[in-house]
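Student: Please pick one part of this model and go through it closely. I would like to know what lines it and what lies around it.

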Amino acid sequence: MQVKGGKKMKLLLTGATGKLGTKIAECLLTKVPAESLAVSVRDPKKAEWLRAKGVDVRHGDFDHPETLDTAFAGVDRLLIISADGDNETRIRQHTAAVAAAQRAKVGFIAYTSVVNARESILPLALPHRATEEAIQKTGIPYAILRNNWYLENEIGNILAVKAGRPWVTATGKGRVGWALRQDYAEAAATVLAEEGHENTIYELSGNLMTVDELASAVGDLIGIDVEVQHLDEDEYAAMMKNTGVPESALPFLLELQRGIREGALDVESNDFEKLLGRPVTPTKEALRQILNDLEKTGN
């Protein structure tokens with residue numbers, strides 16, 4: 001653990017009770033003493049498991065910037081995990097968090113962005129682009145973690161093919177750099193816990209694959225031939241609606257399918273290996289882990 005002015009540096013992680021944040025917190029506890037780690041969460045009760053380990057649990061709500069002033073006080077290195085919500089909400093929340101970090105005189109900001117954020121055609125890239133710019137305008141040393149796609153996002157499709165249904169997609173031959181959430185978490189923990197990542201942008205992509213290739217890998221592991229059903233956007237929207245997807249969620253799904261089809265997630269990089277000190281978890285091994293976890297939960 002680095003020291004500053006003769007004392008141990010204080011690290012703070014936002015969103016530590018979310019799916020990614022929980023894993024990052026677990027990784028950080030293998031790298032730094034618990035007393036060096038603080039977390040900022042909307043509901044401190046959900047972080048009791050961290051408090052029990054000696055972590056400094058603080059209340060911080062991106063919708064209430066005054067809470068962030070207290071949460072970020074005395075912090076040397078900060079990791080902001082991107083929040084959920086529509087683009088306007090996320091831009092407002094992230095901008096508030098960056099401003100609070102500047103007021104608190106934080107010495108380093110890391111942020112979980114999206115792959116190729118500056119040039120991406122994906123509408124979901126807009127708040128990430130705005131946040132990256134806000135961070136860079138502060139003049140505070142930073143690291144941007146541009147995450148590709150979580151392999152866990154495909155659990156719904158994996159469960160469908162396990163049940164004998166086709167893998168439905170409108171992504172065509174578009175490639176995605178899927179990786180386990182655990183790999184993204186380990187990379188983020190490394191950047192927060194270690195110095196030497198100042199003013200760096202990391203494009204974190206796993207091994208690039210099409211949906212056909214990913215579905216085939218799933219089929220190999222569970223011993224079936226997976227049918228991939230390629231649809232146009234109208235057909236895809238109709239099928240998603242029929243399966244119960246809310247009308248309000250359809251535009252996002254269609255934009256994502258279109259973006260993948262047009263290459264938005266087709267970004268090749270070895271930055272994962274730089275941060276992990278090893279190759280990203282191979283796709284079949286990662287899928288095997290997901291399938292094992294599903295078995296444990298009865299799925």
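**A pocket and its surroundings**

Tutor: Helix H12 (residues 283-296) gives the second largest pocket the largest share of its lining, 4 residues. The model is predicted. This pocket has a volume of about 160 Å³. Its lining consists of Lys-23, Glu-152, Ile-155, Leu-180, Gln-182, Gln-289, Ile-290, Asp-293, Leu-294 and Thr-297. Sorted by class, these are 4 nonpolar, 3 polar and 3 charged residues.

Leu-180 leads on to another space, since Leu-180 is listed in the lining of the pocket and also in that of the largest cavity. The structure holds 1 cavity of 30 Å³ or more, and the space in the largest cavity comes to about 30 Å³. Besides Leu-180, its lining includes Leu-151, Trp-178, Ala-179, Asn-207, Thr-281, Thr-283 and Ala-286. Here the classes are 5 nonpolar and 3 polar, with no charged residues, whereas the pocket lining has 3 charged ones.

Thr-283, one of the cavity-lining residues, belongs to helix H12, the helix already met in the pocket. At a relative accessible area of 13%, Thr-283 is under the 20% limit and so counts as buried. To give a sense of span, the C-alpha atoms of Thr-283 and Gln-93 are separated by 34 Å, with the two positions 190 residues apart along the chain.

Next come the aromatic rings. The count of aromatic pairs comes to 2. In one of them, the ring centres of Tyr-150 and Tyr-184 are 5.1 Å apart and the planes meet at 80°; angles over 60 degrees count as edge-to-face, so this pair takes that label. Tyr-150 sits in the loop between strand E8 (142-147) and helix H6 (155-162), while Tyr-184 is in helix H7 (residues 181-193), so the pair ties together parts that are 34 residues apart in sequence. Tyr-150 and Tyr-184 are both buried.

The other pair joins Tyr-184 to Phe-272, with ring centres 5.0 Å apart and planes at 55°, so it is classed as tilted. This pair, too, links distant parts of the chain: Tyr-184 in helix H7 and Phe-272 in helix H11 (residues 271-276) are 88 residues apart. Phe-272 is buried, as is Tyr-184. Taken together, the ring pairs link Tyr-150, Tyr-184 and Phe-272 into a cluster.

A charged side chain also takes part here. Arg-181 lies over the face of Tyr-150, 4.6 Å from the ring centre. There is another arrangement of this kind in the model, where Arg-77 lies over the face of Phe-108 at 3.9 Å from the ring centre.

Strand E8, which precedes the loop of Tyr-150, contains Arg-146. With a relative accessible area of 6%, Arg-146 is buried. The side chain of Arg-146 makes a polar contact of 2.9 Å with the side chain of Glu-203.

On the side of helix H11, the loop between helix H10 (250-261) and H11 holds Asp-266. Asp-266 is partly exposed, at 31% relative accessible area. Its C-alpha atom and that of Gly-223 are separated by 28 Å, and the two residues are 43 apart along the chain.

A few details elsewhere in the chain complete the look. Thr-67 is in helix H3 (residues 65-71) and has a relative accessible area of 13%, so it is buried, as Thr-283 is at 13%. The side chain of Thr-67 reaches the backbone oxygen of His-64 at 2.7 Å.

Two loop residues have an unusual backbone angle for their type. Lys-105, in the loop between helix H4 (87-103) and strand E7 (108-114), has a positive phi of about 55° although it is not a glycine. Its relative accessibility of 71% is over the 50% limit, so Lys-105 counts as exposed. Asn-116, in the loop between E7 and helix H5 (125-138), has a positive phi near 55° and is likewise not a glycine. Asn-116 is partly exposed, with a relative accessible area of 23%.

How values were computed:
Residues numbered from 1 in each chain as written. Predicted model: local features only at pLDDT ≥ 70, side-chain atom pairs only at ≥ 80, totals over all residues. Heavy atoms only, no water. 1 Å grid on protein atoms, 1.4 Å probe; cavity = no way out; pocket = protein on both sides within 12 Å on 5 of 7 lines; lining within 4 Å. Points joined across faces, edges and corners; volume = space filled by probe spheres on them. Nonpolar A, V, L, I, M, F, W, Y, C, P; charged D, E, K, R; others polar. Phe/Tyr/Trp six-rings, centres within 6.5 Å; stacked < 30°, edge-to-face > 60°. Buried < 20%, exposed > 50% of the residue type's maximum accessible area, 1.4 Å probe, protein only. Lys NZ or Arg CZ within 6 Å of the ring centre and 35° of its normal. Polar contact = N/O pair within 3.5 Å; in protein donor to acceptor, adjacent residues only side chain to side chain.
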